[in-house]
Each structure stands twice: as C-alpha cells, then as structure tokens.
Amino acid sequence: MKTTLSLLAVLLLTPITLFAAEARKAPAAVVASLAQPPLMPAAGAKDADVTIVEFFDYNCPYCKETAPELVKLLHVDPKVRILYKEWPLFGDVSEYAARSALAANWQGKFLAAHDALIGTANDLDKTSQVDAALKSAGVDLTQLERDRTAHAAEITAILARNAQEAAALGFRGTPGIVVGRQLLPRSLTVKELQQLTQDARSSP
C-alpha cells in the first residue's frame, strides 16, 4: 500500500511536460502521408524542419485552448509549420464550420477563416454565428456559399480523408496532435510544444 501511495504521489507531482516526451510514435510512412496533397495552406515556415498536424473541431474546448499555444510556438520557432486537419465531431454546426473554412480556401482565406472560428470565445451553436465570425475575418459570404456548393464533393473528400487519417493514428477525439512522429491526444502548452518539437528534431 505504501508503495502504491508513493507512486501515486510521484504521478501527481510530476509536471505534465515530462509526459510529453513519452508520446506514442507513428510510423514514418503514415506521418509522411499526412502532408500529401491536396492540402489546405499551412501556417508557419515554408521550409520547416518540423511539421505539426492538428486534427480539431471548432467546438472542441481543448482545441480552443491549444490554438493560442500553437500561435505562440510559431512566434518563437521560425522552422515549424502547422497543418490544420478539420475533423468535425461535435454535430451539425461543427460540420458547417469545417465545410465553410475549407470552402474559404477558394477565395484564399482558409487560414483567416480557421483563426476566426477557432478563436471564438463561445461555442458555435448556430450557423449564423459561423457566418458572423467568417464575415469579421473578411470572408465574402456570397462567394463562400457558391464555393461550398460548387466544391461540395471535394470538401467531403477532404473531411473523409481527415477522419480516416485520425482513425489510422488511433485518435478517438479532438484534439489529435502529431509533432514529427509523436502522437498527442490532448491539448498542449507552448512549453510542451517546444519540447516535442526539439524531440522531433533530435529523433526524426
């Protein structure tokens, strides 16, 4: 009993950042396939030496927690890029938001749409909230509606691919984060992201 209590105390007192280094690793070929086209534009460096992939939902509270941490990482690490993979699991409005963000790419606004939607303070309960956030980000809603319809099959294919990739990596919910080959099924702080990025560089 004493040994069990001691172990429990160690687990409770160990900083969560130490567990970041113990992430599961995905096969290199599986990770490489995540960056095969077609893709939405990536955030960060074009000549990055580490790629971070995030499977997310705009109504996922843990994704919203992680979003500003990823932005902080981009500010402090000029050799990182981030691929955002829409994986709407939280209902119809989440799917509408995902489809709208993807459709915004046809007017060159995917990253602006992503940042606006993931940055909303409250849940997106209505499609009108999605539209309002996108409009505030400079997305042309008339063109967006046309593109959402005209490119519906392509958008559906992207969402299906993202879901298949997430399942293949063993993710069961959002966020699902891949740093190099390391798999993290939870929100992360910028310090954890920095450590994971360094781990990816030292052990590709």
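Which unit do β3, helix α4 and β4 make? In this predicted model, strand β3, helix α4 (residues 61-76) and strand β4 together make a β-α-β unit that is right-handed. The unit offers a convenient point of entry to the sheet, and the description below moves outward from it, before turning to the spaces that the search of the structure revealed.

Strands of a sheet pair through backbone hydrogen bonds, either parallel or antiparallel. In the present model six strands form an open sheet, arranged in the order β1-β6-β5-β3-β4-β2, and the pairing within it is mixed. The edge strands are β1 (24-25) and β2, each of which pairs on one side only. Strand β3, which covers residues 50-56, pairs with β4 in the parallel sense over seven bridges, and Val50 stands opposite Val80 of β4 in this arrangement. On the way from β4 to the edge, strand β2 (residues 43-44) is joined to β4 by two bridges, and these two strands run antiparallel; here Gly44 has Arg81 of β4 as its bridge partner.

Strand β4 itself is mostly covered, given that six of its seven residues are buried. One residue found in this strand is Ile82, whose relative accessible area is 0%, and Ile82 is therefore counted as buried. The C-alpha atom of Ile82 is separated by 4.7 Å from that of Ile52, although the two residues are 30 residues apart along the chain. Ile52 also takes part in a contact with another strand, for it stands opposite Val179 in β5.

Strand β5 (residues 176-179) pairs with β3 in the antiparallel sense over four bridges, and within this pairing Ile177 of β5 is the bridge partner of Glu54. In a regular strand the side chains alternate between the two faces of the sheet. In β5, Gly176 and Val178 point one way whereas Ile177 and Val179 point the other way, and all of these residues are buried. Three bridges join β5 to strand β6 (residues 182-184), with the two strands running antiparallel, and Leu183 of β6 is the bridge partner of Val178. Strands β5 and β6 form a hairpin with two residues between them, and in its turn Gly180 has a positive phi of about 65°.

Among the helices, α5 (residues 92-103) has twelve residues and reaches 16 Å from its first C-alpha to its last, which is close to the 16 Å expected at 1.5 Å a residue. Helix α5 is mostly covered, with ten of its twelve residues buried; among them are Val93, Tyr96, Arg99 and Leu102. Leu102 of this helix reappears below, as one of the residues that line the largest cavity.

Attention may now turn to the empty space in the model. Rolling a probe the size of a water molecule over the atoms shows where empty space is left. A search of the whole structure finds one cavity of 30 Å³ or more, and the space that lies in the largest cavity amounts to about 110 Å³. The lining of the largest cavity consists of Pro38, Leu39, Met40, Leu83, Tyr84, Lys85, Glu86, Leu102, Ile158, Arg161 and Asn162. Two elements, β4 (80-86) and α9 (152-168), give two or more residues to this lining, and β4 gives the most, with four residues. Sorted by class, the lining of the largest cavity has seven nonpolar residues, one polar residue and three charged residues.

The largest pocket holds about 170 Å³ of space. Its lining is made up of Lys46, Ala48, Asp49, Val50, Thr51, Arg81, Gly180, Arg181, Ala200, Arg201, Ser203 and Pro204. Strand β3 and helix α10 (190-202) each supply at least two residues of the lining of this pocket, and by class the lining has four nonpolar, three polar and five charged residues. Several residues already described for the sheet recur in the lining of the largest pocket, including Val50, Arg81 and Gly180: Val50 is the residue that stands opposite Val80 in β4, Arg81 is the bridge partner of Gly44, and Gly180 lies in the turn of the hairpin formed by β5 and β6.

Conventions
Residues numbered from 1 in each chain as written. Predicted model: local features only at pLDDT ≥ 70, side-chain atom pairs only at ≥ 80, totals over all residues. Heavy atoms only, no water. 1 Å grid on protein atoms, 1.4 Å probe; cavity = no way out; pocket = protein on both sides within 12 Å on 5 of 7 lines; lining within 4 Å. Points joined across faces, edges and corners; volume = space filled by probe spheres on them. Nonpolar A, V, L, I, M, F, W, Y, C, P; charged D, E, K, R; others polar. Buried < 20%, exposed > 50% of the residue type's maximum accessible area, 1.4 Å probe, protein only. Pairing = 2+ DSSP bridges. Right-handed = clockwise from strand over helix to strand, strands pointing away. Expected span 1.5 Å × (residues − 1).
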